[in-house]
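Morning, everyone. I have one structure to go through, and I will keep to rings and cysteines. Here it is.

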Amino acid sequence: MNDHPAEILPARVLHVGRPNLVGRDRFLGYVGQILDDLRFTNRGPLVDLFERRIAEHLGVAHCVVTSNATLALSLAAQAMGLTGSVIVPAFTFVASAHTMHGNGLRVIFADVDPDTHHIDVDRLEACLAPDTSAVLAVNLWGNPCRIRELEAFCAKHGLKLLFDSAQAFGSTYEGRRLGGFGDAEVFSFHATKAINSFEGGAITTNDAELAARLRLLINFGFSDEDCVDDWGTNAKMPEVCAAMGLSSLEGLETVFSHNRRIFGIYAELLEGLPGLTLQPYGAGEEAAHHYVVLRIDDALPVSRDALLARLRAARVMARRYFHPGCHRSEPYRSMPIYEGVSLPVTEDLCQRLLCLPTGLAIERPDVAAICAIITAAAQPGPDAPSANGV
Ligand code: T4K
């Protein structure tokens, strides 16, 4: 690999997914309250407040917060009574598929749209099986899917519609915030998300019965002090996580506007480079701009993986989300029912995309350094691929 001029190397490690810390003092204030009250968990006042704030912010009737989005997806599937098979895009974080599989549901992997990276609504019909009970659609990168068409498809075939909106807190669709679409939506507040509660998740819905069932499922089935009314597990969010979630939510605009600015700098510095496209966010819609997704096409003289190696050598920890695709990951890869499954768009995206660092830890000089490395890789000639592909 060619050496990079020292001046373009970032001075520190640059991560995708560095937590956004906003409102440190607000957070510490809440922690003081927790310690004074000795109320640490089991639906304390901060969890209650966090749920109300989320529901208010998203304009949805019910919000049930959980210890993470993975359990939230799993419990949503149970509360919705899903059976048989569920259609899931193969291009997503593996938790989307694992949660359905873990509930004894057969995952039918759908291919995605090459432009939006979302489940391909036009080819959903071919995914249907006689026992299909639902579609799990993923609002990937914080961009909304074609929600109206998905709702129409599910209504036509009598299917439930669950949205994995783990990456999409605060995003709008046709001007309305996500949270109240389909039967339910699930958000993640993992440390790496735009809005975080260390670990955490939420299920939002306008269905009161579903919300009531979910409240049982996240708390061992308890409906009252010594009354167990259902099966249940422990998916409760502790108070300290709600404290972080509340502080983070109060600082949402700081994070969103910072990310928008960083995204704009990437767009400006990468403009016109052949073979490179930034995944856009919808014009006129709100979004956290929390994923800077770069598509590398054949016009770039180096491959995606060669570019990744150059970035890593410069301490830029870009990520290949979601290589190699759920259907090419275990346990699915080794299961006879997935043998021969071919999802060309997913497989192509898995070879072409790189997520670049953003968030409050990243500033203009960092983006400039990253873009300088990418720009150098885009030059033909001595910087073209070497024998080892790097
Ligand atoms: N559905 C979708 C579509 C999702 O994207 C996710 C989660 C879920 C469902 C499930 O949500 P949760 O159950 O997690 O609430 C990360 C996150 O762990 C995961 O939440 C997220 N998606 C996924 C896209 O990214 P990894 O395996 O890439 O994380 P990791 O540990 O490699 O962290 C990424 C980078 O962030 C590292 O380079 C270092 C940095 N980092 C990370 C943490 C946790 C920090 O600097 N500080 C930190 O505290 O999965």
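Is Phe91 buried or exposed? Phe91 has 1% relative accessibility, so it counts as buried. Keep in mind that this is a predicted model.

Now the aromatic pairs. The search over the whole structure gives 16 of them. One of these joins Phe91 to Phe322: the ring centres are 5.8 Å apart and the planes stand at 75 degrees, which makes the pair edge-to-face. In sequence the two are 231 residues apart, so to speak at a distance: Phe91 is in the loop between strand E3 (85-89) and helix H4 (95-102), and Phe322 is in the loop between strand E15 (316-317) and helix H10 (344-352). Phe322 is buried too, at a relative accessible area of 8%.

Another edge-to-face pair is Phe263 with Tyr281, with centres 5.2 Å apart and planes at 75 degrees. This pair also links distant parts of the chain, 18 residues apart: Phe263 belongs to helix H8 (residues 252-270), while Tyr281 is in the loop between strand E13 (276-278) and strand E14 (292-296). Both Phe263 and Tyr281 are buried.

Back to Phe91 and Phe322: they belong to a cluster linked by ring pairs, together with Phe93, Trp141, Tyr291 and Tyr321. Elsewhere, Arg176 sits over the face of Phe181, 4.0 Å from the ring centre.

Last, the cysteines. How many disulfides does the structure hold? Zero. For Cys127, the nearest cysteine sulfur is that of Cys154, 12 Å away. Cys127 is buried, at 14% relative accessibility. Cys145 has its closest cysteine sulfur in Cys154 as well, at 11 Å, and that is too far for a bond. Cys145 is buried, at 3% relative accessibility.

How values were computed: Residues are numbered from 1 along each chain as its sequence is written. This is a predicted model: local features need pLDDT of at least 70, side-chain atom pairs count only at pLDDT 80 or more; totals for chains, interfaces and linings use all residues. Side-chain values use heavy atoms; hydrogens and water are left out. A disulfide is a pair of cysteine sulfur atoms within 2.5 Å. Buried means under 20% relative accessible area, exposed over 50%, partly exposed in between (1.4 Å probe, protein chains only). Rings of Phe, Tyr and Trp (its six-membered ring) pair if their centres lie within 6.5 Å; planes under 30 degrees apart count as stacked, over 60 as edge-to-face and the rest as tilted. Helices (H or I, at least four residues) and strands (E, at least two) are DSSP runs, numbered from the N terminus. A charge sits over a ring if NZ of Lys or CZ of Arg is within 6 Å of the ring centre and within 35 degrees of the ring normal.
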